[in-house]
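Please open the model in a viewer and keep the sequence panel at hand. The tour below proceeds by selection, stop by stop.

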2 protein chains.
Amino acid sequence: MDISVLHNSILFKGFDDTEISELMKALNAVEKKYNKGTMIFSSGEITDKLCFVTAGSVTVESNDMWGNRTILNLVGKGQFFAESYALLPDVPMLVDVCAAEDCSIIFLSMKSLANLSDTVRARLLTNLLTITTRKNLHLSSRSFHTAPRQVRGRIMAYLNTISVQKHSREFDIPFDRQQLADYLNVERSVLSNELSKMQRDGLIRCRKNHFEII
Amino acid sequence: MDISVLHNSILFKGFDDTEISELMKALNAVEKKYNKGTMIFSSGEITDKLCFVTAGSVTVESNDMWGNRTILNLVGKGQFFAESYALLPDVPMLVDVCAAEDCSIIFLSMKSLANLSDTVRARLLTNLLTITTRKNLHLSSRSFHTAPRQVRGRIMAYLNTISVQKHSREFDIPFDRQQLADYLNVERSVLSNELSKMQRDGLIRCRKNHFEII
DNA sequence: CCAAAAATGTTGTAATTACAACATACTTTC
DNA sequence: GAAAGTATGTTGTAATTACAACATTTTTGG
């Protein structure tokens, strides 16, 4: 099990190596590997497992009955997912989680939180709150990316956010075209077309998933 | 200050009246009143205040430079807002919060959490986690409501959620037409038009904010 | 290196939406 | 209860998007 990534995670911030090892046991940590395209959770499932990505990435998405996909979030190495469902153990998942690449996931049992001492639990809960509140901001961000009515507006909203995050006008995005289209809720072909126009208009330059804002 | 509503809130679940009174002091609880249309927070502000609605309602929204409004959430009596920003005290708000009706808000200082005992803090943090995780599900829901490309799809997605929540095919929604349009990210006139068509098609019946799914 | 598969880009047409302008209905206030 | 103000509904036209079909480029696996 790849411990080093978990040691630097938000969840274990402030805990030393010994404490982390104990917590991993207390929370029944289990690691599993998934191949690209595999479904890790399906809509309707119930879980109490907080999930941590140690390698690769997963998409949190919704797939409707007509085959339309909406990507809510892409979760990469070092990040958590399913925390809301893990902490609200009655609520069935509204989303699917799929391996966007080959990946490894560590599952941590949240119902085991109850067994911890108040002190440790308070520390862990504080970190969990950081995870959930940041996730909230992520979901809000996506709302702003999909808010513009026109495709160009959505693309620019998204690229601006990434640019600010990376402190640079030039950056890679974690999505391929189809994923970006499903994240922004637009047609893939319309997205490709608009990206071409934006390059012709001198707004951006891009090649594959590398972008530059001009 | 209207304590009774707070006593039944998620935040103080499991606490008795005495404890709640102490916590209110410890968290510097302050109540303020706002008239409809007043701005309570503006994008860019920083706060450590967890906000609780004791009367009326507020909208959490984003207003871009062209005057387009996106309503992320409507927060009613008995609910909380700004919890993410209160708990991440470095992060400037990405949204505005406006009084949707005349309302009263209680502000609770989250930086004061540090002064509480481990036991009390653990209990409070657990409740805060419930608030943030539920808020997450709310934000996810909105994503599903705005995911359909067509207006009718968005309306149906939204109405279905409410119908399931209220266990009835007949219900009131908390939005007027303009608010619903801004929540679903569609033009108000297009929304009105589509609602008319849906009534003609025998899908729904509605009058003002009362709806029936057929 | 080649063939096959996957990803990305391009184009045209039908359908949908944006936007503005206006009509009607409902509320509020005096 | 009239007038003013606000909310909601309707309509037409220009602009945009959906969708399908196909072209081109890139990646993958022998």
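Helices, as named here, are DSSP runs of H or I of at least four residues, numbered from the N terminus. By this numbering, helix H2 of chain A is followed by A:Asn28, a residue with a positive phi near 55°. The model is a predicted one.

**Stop 1: the two chains**

Display chains A and B together. A turn of 180° with a shift of 0.0 Å along the axis lays chain B on chain A, with an RMSD of 0.0 Å. This is the relation of a two-fold axis. To locate the axis from chain B, select B:Ala122: its C-alpha is the one in that chain nearest the axis, at 2.2 Å. Next, colour the interface residues. Of those in chain B, 100% are also interface residues in chain A, so the copies meet through the same surface.

**Stop 2: helix H2 of chain A**

Select residues 17-26 of chain A, which form H2(A). Begin just before the helix, at A:Asp16, which caps the N-terminal end of H2(A). A side-chain oxygen of A:Asp16 lies 3.1 Å from the backbone nitrogen of A:Thr18.

Which residues of H2(A) are buried? Show the side chains of A:Ile20, A:Leu23 and A:Met24, which are buried. These residues lie on the same side of H2(A), because the arc they cover around the axis is only 105°. On the other side of H2(A), select A:Thr18, A:Glu22 and A:Lys25, which are exposed.

Now add what covers the buried residues of H2(A): the cover includes helix H1 (3-7), strand S8 (103-109) and helix H4 (118-146) of chain A.

**Stop 3: a helix crossing in chain A**

Keep H4(A) displayed and add helix H6 (residues 177-184) of chain A. The axes of H4(A) and H6(A) come within 9 Å and cross at roughly 95°. Angles of 65 to 115 degrees count as roughly perpendicular, and H4(A) and H6(A) are therefore roughly perpendicular to each other. For the contact itself, select A:Arg142, A:His145 and A:Thr146 on H4(A), together with A:Asp182, A:Tyr183 and A:Leu184 on H6(A).

**Stop 4: two positive phi values in chain B**

Most residues other than glycine have a negative phi. Move to chain B and select B:His167, whose phi is positive, near 55°. B:His167 is in the loop between helix H5 (151-166) and strand S9 (170-172) of chain B. Is B:His167 buried or exposed? Its relative accessibility is 74%, so B:His167 counts as exposed, the cut-off being over 50%.

Next select B:Asn185, which is not a glycine but has a positive phi of about 60°. B:Asn185 belongs to the loop between helix H6 (177-184) and helix H7 (188-200) of chain B. With a relative accessible area of 7%, B:Asn185 is buried, as the limit for that class is under 20%.

**Stop 5: B:Ser163 and its contacts**

Finish in helix H5 of chain B, where B:Ser163 is placed. B:Ser163 has a relative accessibility of 11% and therefore counts as buried. Leaving aside residues up to four places away in sequence, B:Ser163 touches B:Ser168, B:Arg169, B:Phe171 and B:Ile213. Which atom of B:Ser168 lies 2.8 Å from a polar side-chain atom of B:Ser163? The atom to pick is the backbone oxygen of B:Ser168. Lastly, select B:Ile213, which is 50 residues from B:Ser163 along the chain, with 8.1 Å between the two C-alpha atoms.

Terms used:
Residues numbered from 1 in each chain as written. Chains lettered and ligands numbered in written order. Predicted model: local features only at pLDDT ≥ 70, side-chain atom pairs only at ≥ 80, totals over all residues. Heavy atoms only, no water. Least-squares fit on C-alpha atoms with pLDDT ≥ 70 in both. Contact = heavy atoms within 4.5 Å. Buried < 20%, exposed > 50% of the residue type's maximum accessible area, 1.4 Å probe, protein only. Arc of directions from axis to C-beta. Polar contact = N/O pair within 3.5 Å; in protein donor to acceptor, adjacent residues only side chain to side chain. Axes fitted to C-alpha atoms, helices over the stretch in contact; angles between N-to-C directions. Parallel < 35°, antiparallel > 145°, perpendicular 65-115°, else oblique.
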